[in-house]
Amino acid sequence: MATFPVIYMDKLNGEERAATMEKIKDASENWGFFELLNHGIPHDFLDTVERLTKEHYKKCMEQRFKELVASKALEGPQAEVTDMDWESTFFLRHLPESNMAEIPDLTDEYRKVMKEFVLKLEKLAEELLDLLCENLGLEQGYLKKAFYGARGPTFGSKVSNYPPCPTPDKIKGLRAHTDAGGIILLLQDPKVSGLQLLKDGEWIDVPPMRHSIVINLGDQLEVITNGKYKSVEHRVLAQTDGARMSIASFYNPGRDALIYPAPALVEKEAEEKKQLYPKFVFEDYMKLYAGLKFQAKEPRFEAMKARETTFPIATA
């Protein structure tokens, strides 16, 4: 079995650049996921993010989660629970404007650290998009520009904790899905596993590695690359031991961004393949996704194709 792709970003600056770009290309085309090490975000800073996230859960969210579990009789459900997840979450919005100041219970230190963290992630996301452009043969900045609506991209984080679960066979930490957006950057727990992706019909563990950032590609990159890169189904298994923390940050198109396959990539395709994906406004896709997140992505693309209208496409 192929080993999960791990990319050492510092190798892009030396004689191993070509080999590293090839690894990113292979991971993008065949996995839809890869793990980044030596990405430039200081290790002690990531340790602080992890510590504050876990402290915030203990102090502000753990009791609420226990009450929810009790109220829904989930401690020992008799049958499989298919309509909810074993996770405690809150959401932060960063772009086009931040809602960090409005989130209750965050300490000043946590707010300050998260603000700094997402700035580092935003920079990393844009750097990765340009590396993908290079591998795809697109002009530098193409993907970033494709994500720009009137107010730039949207960017937000889902902060999750997965407490120990007494019945992991009956409920998932997070049910299987593909991500709707662009490029996702995940800081996951360095010790407690649970994240899996579906590859060639098998569920494969995404290994926890201290100080790594896990990258996965969303539905919008599948559309823009005309299927060259695919968004991949993934899930989180609930665990009986250990509490798992994760912060998934989604660098997505702007709400009004017009999404369609890059003409340069469509031209390269054989005549019969041509444009495989519809053209749509990102917000319309998100409205559809909201009700169908845990279902296959293909019917979503078909539904968008069915309602496709003619949008003018600006030429570069």
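The following paragraphs describe the sheet, a helix that lies across it, and several salt bridges in a predicted model.

The sheet is open and has seven strands, arranged in the order S1-S2-S9-S6-S11-S4-S3 with mixed pairing. Its edges are formed by strand S1 (6-8) and strand S3 (88-95); each has a single partner strand, so one side of each lacks a neighbour in the sheet. From one strand to the next, the twist averages 25 degrees. Within this arrangement, strand S4 (residues 154-162) pairs with strand S11 (residues 244-252) in the antiparallel sense, over nine bridges. In this pairing, glycine 156 stands opposite phenylalanine 250 in S11.

Helix H2 (residues 43-71) lies across S3, S4, strand S6 (183-188) and S11, and runs at about 130 degrees to S3. One of the residues in helix H2 is glutamate 50. The relative accessibility of glutamate 50 is 13%, which is under the 20% limit, and therefore the residue counts as buried. Apart from neighbours within four places in sequence, glutamate 50 is in contact with Pro190, Arg210 and Met245. Glutamate 50 also belongs to a network of salt bridges that links Asp47, Glu50, Lys54, Asp189 and Arg210.

Helix H2 also holds a salt bridge between glutamate 55 and arginine 51, whose closest N and O atoms are 3.2 Å apart. Both residues lie in the helix, four residues apart, about one turn of the helix. Glutamate 55 counts as partly exposed at 40% relative accessibility, and arginine 51 counts as partly exposed at 38%.

Across the whole structure, a search finds 22 salt bridges. Among them is the pair of arginine 175 and aspartate 85, with the closest N and O atoms 2.8 Å apart. Because arginine 175 lies in strand S5 (residues 174-177) and aspartate 85 in the loop between H2 and S3, this pair ties together parts that are 90 residues apart in sequence. Both arginine 175 and aspartate 85 are buried.

A further salt bridge joins the side chains of arginine 300 and aspartate 219, at 2.9 Å from N to O. Arginine 300 lies in helix H8 (residues 298-306) and aspartate 219 in helix H5 (residues 219-224), so the pair ties together parts that are 81 residues apart in sequence. Arginine 300 is buried, with a relative accessible area of 1%, and aspartate 219 is buried with a relative accessible area of 0%.

Technical notes
Residues are numbered from 1 along each chain as its sequence is written. This is a predicted model: local features need pLDDT of at least 70, side-chain atom pairs count only at pLDDT 80 or more; totals for chains, interfaces and linings use all residues. Side-chain values use heavy atoms; hydrogens and water are left out. Two strands pair if DSSP finds at least two bridges between them. Helices (H or I, at least four residues) and strands (E, at least two) are DSSP runs, numbered from the N terminus. Axes are lines fitted to C-alpha atoms, for helices over the stretch in contact, and angles run from 0 to 180 degrees between N-to-C directions. Contact means heavy atoms within 4.5 Å. Buried means under 20% relative accessible area, exposed over 50%, partly exposed in between (1.4 Å probe, protein chains only). A salt bridge is a side-chain nitrogen of Lys or Arg within 4 Å of a carboxyl oxygen of Asp or Glu.
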